[in-house]
Amino acid sequence: GAGAVNTSTGAAVGNPTNAHTSMQGGKAVFETHACPFCHRFGEGPGGIGPDISGVGGRMGVDGLLTEILRPSENVSDLFGKKIVTKKDGETVVGRRMENDTNGVLLVLNYTLDPSTNTFTWVGGNEVRIKPEEVVSIEDAEHDSPMPPGLVDDLKEDEVADLLAFLISGGNPNHRMFQPVTPPAAPPAAR
C-alpha cells in the first residue's frame, strides 16, 4: 500500500493524498515475518511473547514502531530473557515462566535463521532447573527474546501496512485502511 514509515528514524513519510495502507499487505508481513510464532493476535495461537491483539488501543504508531524496531528498549519483566547460571557452570538462557520451590522453568529462546526467516528452538521447548542447581539469575544483555532487525528487509510501505494491520486489530474496515481525502480547496477570493 501507499504511505510509509522510515524504519531507521520511525518518522512518518508519504503523500497525504494517497496515504491509505493495505490490510492484506499488513497481514502478509505479519505472517511471513514469524510474528504469530511468538505473539497472539486475535484468534491466532501465539507463543512466548505478549498478546498483541489490542495493541492499537494501547499505543500509537510511534510506540508500536519503537517496539518493533528496538524490542529491548521497553521489556516487561514477564517477557525478558534471563540467564541462569548453574552450579556445574552451565548457563541457560530463556524466558522465565516460573520460579518457585520446584525450581526455575525456562522456555528456551528462539533463534532466527536469516536465510529462511524462520525461528527454531534452541535445545528444546522447556527446561526446569532445580533450586539447588541455581547459582544466579540475571537479565540477559539483549533483554527481549524478540530479535532486533526483523523488519530490516521490508520496504517502507510494507512497514506501514504492518503497523496499520496491528493498530486496526485486523479489522479491514478500520480507518487505517480508508483512503485519505485531501482537504477541500478554500473558496476563491472575489
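**A walk through the predicted model**

At 35% relative accessibility, phenylalanine 37 counts as partly exposed, because that category covers values between the 20% limit for buried and the 50% limit for exposed. This residue is a handy place to begin, and the model you are looking at is a predicted one. Phenylalanine 37 sits in helix H2. Its C-alpha atom lies 8.3 Å from that of isoleucine 48, a residue 11 places away in sequence.

Let us step back and take in the whole chain. The protein has 5 helices and 9 strands. If you follow the sequence from start to end, these elements come in the order β-β-α-α-α-α-β-β-β-β-β-β-β-α. Of the 190 residues in the protein, 36% are buried. The contacts tell us something about how the chain comes together: among those between residues at least 6 apart in sequence, 56% join residues at least 24 apart.

Now for the inside. In soluble globular proteins, nonpolar side chains tend to be buried together. Here, the largest nonpolar core has 22 residues, and the ones with the most contacts inside it are Phe30, Leu64, Ile68, Val151, Leu162 and Leu166. Three helices each supply at least two residues of this core: H1 (23-32), H4 (61-69) and H5 (156-168). The largest share comes from H5, with 7 residues. To see one member of the core in its surroundings, pick out isoleucine 68. Setting aside residues up to four places away in sequence, isoleucine 68 touches Met146, Val151, Leu162, Leu163 and Leu166.

Next, look for open space. Rolling a probe the size of a water molecule over the atoms shows where empty space is left. The largest pocket holds about 630 Å³ of space. It is lined by 32 residues, and the closest to its centre are His39, Pro50, Ile52, Glu67 and Met146. Met146 is thus a residue to look at twice, since the contacts of isoleucine 68 also include Met146. The elements that give two or more residues to the pocket lining are helix H2 (35-38), helix H3 (55-58), H4 and H5. H4 gives the most, with 3 residues. What kinds of residue make up this lining? They divide into 22 nonpolar, 6 polar and 4 charged.

Let us turn from the helices to the strands. Strand E3 covers residues 81-86, and 5 of its 6 residues are buried. This strand pairs with strand E9 (residues 134-139) in the antiparallel sense, over 5 bridges.

Lysine 82 makes a good guide to this region, as its place is in strand E3. Is lysine 82 buried or exposed? With a relative accessible area of 6%, lysine 82 is buried, because anything under 20% counts as buried. Opposite lysine 82, in E9, stands aspartate 139. Leaving aside neighbours within four places in sequence, lysine 82 is in contact with Asp77, Val92, Val93, Gly94, Arg96, Ile137, Glu138, Asp139 and Ala140. One of these, arginine 96, is 14 residues away along the chain, with 6.4 Å between the two C-alpha atoms.

Another of those contacts leads to our last stop. Valine 93 is found in strand E4 (residues 91-100). Its C-alpha atom is 4.6 Å from that of isoleucine 83, although 10 residues separate the two along the chain. At 32% relative accessibility, valine 93 counts as partly exposed, whereas lysine 82, one of its contacts, is buried.

Notes:
Residues numbered from 1 in each chain as written. Predicted model: local features only at pLDDT ≥ 70, side-chain atom pairs only at ≥ 80, totals over all residues. Heavy atoms only, no water. Core = buried A, V, L, I, M, F, W, Y, C linked by side-chain atoms within 4.5 Å. Buried < 20%, exposed > 50% of the residue type's maximum accessible area, 1.4 Å probe, protein only. Helix = DSSP H or I, 4+ residues; strand = E, 2+ residues; numbered from the N terminus. Contact = heavy atoms within 4.5 Å. Pairing = 2+ DSSP bridges. 1 Å grid on protein atoms, 1.4 Å probe; cavity = no way out; pocket = protein on both sides within 12 Å on 5 of 7 lines; lining within 4 Å. Points joined across faces, edges and corners; volume = space filled by probe spheres on them. Nonpolar A, V, L, I, M, F, W, Y, C, P; charged D, E, K, R; others polar.
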